[in-house]
Amino acid sequence: MAYSLALITVLGLFANYVFEKIRIPGILGMLLVGILIGPGSFNWLHKDILTISSDLRQLALIVILLRAGLDLKLEDIKPVGFTAVKMSVIPALMEGFTIAVISMFLLGFTFTEGGMLGFIIAAVSPAVVVPAMIKLKKQDFKYANRASTVILAGASADDVVAITVFGAFLSIYMGQKVNFIMTVLNVPISIILGIVVAIACAYAIMLVYKKIKFSATEQILLLLFTGVGLTFIQAVLEGKIEMAALIGVMTMGFVIRMKMEETAVKISGGLGHIWVEAKVILFVLVGAAVDIRVMGSAGITGLIIIVIGLCARSIGVFIATLGSPLTKKERIFCTIAYLPKATVQAAIGGLPLINGAASGQLILAIAVLSIIVCAPVGAVGISVSAPKLLNGE
């Protein structure tokens, strides 16, 4: 397993360097490395690494979401808070239900099968979007801070919406009774519960920081593994009540930034150093989860469905940003930043197949295709469009 970690790190860092040298986002190089060394291609990774892949990816996500929270300021959120709430719901619902309907005509799916496909595809990738927005915040663009704040807050909750509705459609397909009122209520309940638990954790951590003279490294580790603890609480509560742990992770960082700004800045800097390795593990393992051998069955029809879904998502972004303080160019940038797919599709794309869905193989193929298409388009789109759309020119 040590050999696999070394291989991931060396090849991932090299690919990141090469791609950035030629002015292409390094994430694409790392994803490509993962695809090539993963079980779908050369299969160079040890099976134990693949077994714990989801845990490693989640740990890396916690690192970047903590950084996102620690970099957020209350004065940045206040003007765009309601817009962020709309961004977390409207684009995902529009994309998911559009794909659900279109797949009935183009693939002969039932509405339930289409719903499973639609809400697998509908989730935006925090793994791609969050690091890009943190990087953007540090650049000297006139409107970068406002746009990135909306996207950071909205993208994290967007996944909760997509995964919750997907779970409802999967349960219906498996013959379980689903209370749609409770499904709808589960979204705000899970977000609120995640935030409340995170606030309690944040105050407990700050109390410890004040009582015990921890080193900077010890402060980082305490915060990081409290974030891991939130995901553990989510797992324990699963099936009883939903809790949005990853939103909680970002909230925890945000609260510490509000109350202990100097400490937050130091911790964010330390997490930045950890992110150098964490991002390599995250993106290479996301790539390794992509089995390109199944992609062929998606065909042109699968690509058409993805494109139509992205069009619906883009309309959803424009609706969500109506009446907001964002300029037209900022709204266009938000549309581009909401395109990437990767983490969620890799994590749940195979669940319909595992649960015996007749269309499971095709759903997985289209999920894989969405990663191959949307991750690079979104990453490059963010990189190229930001200077043109957020400079206020």
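This report looks at a nonpolar surface patch and at some aromatic rings linked to one of its residues, F97.

## About the model

The model is predicted, so local features need pLDDT of at least 70, side-chain atom pairs count only at pLDDT 80 or more, and totals for chains, interfaces and linings use all residues. Residues are numbered from 1 along each chain as its sequence is written, and side-chain values use heavy atoms, leaving out hydrogens and water.

## The nonpolar patch

On the surface, F97, V101, M104, F105, L106, F111, I300, L303, I304 and V307 form a nonpolar patch, with about 900 Å² of accessible area together. Patch residues have over 30% relative accessible area and no salt bridge (side-chain nitrogen of Lys or Arg within 4 Å of a carboxyl oxygen of Asp or Glu). Nonpolar side chains are joined within 5 Å, like charges within 9 Å. Areas come from the Shrake-Rupley method with a 1.4 Å probe.

Helix α6 (81–106) and helix α14 (299–320) each supply at least two of the patch residues; helices are DSSP runs of H or I, at least four residues long. The largest share, 5 residues, comes from α6. M104 sits in α6 and is partly exposed at 34% (buried is under 20%, exposed over 50%, partly exposed in between).

## Rings around F97

There are 7 aromatic pairs (centres within 6.5 Å; planes under 30 degrees apart are stacked, over 60 edge-to-face, the rest tilted). In one of them, F97 meets F119 edge-to-face, at 5.0 Å centre to centre and 80° between the planes. F97 is partly exposed because its relative accessibility is 36%, while F119 is buried at 0%.

F97 also pairs edge-to-face with F169, at 6.3 Å and 70°. F97, F111, F119 and F169 form one aromatic cluster.

Technical notes:
Buried < 20%, exposed > 50% of the residue type's maximum accessible area, 1.4 Å probe, protein only. Phe/Tyr/Trp six-rings, centres within 6.5 Å; stacked < 30°, edge-to-face > 60°.
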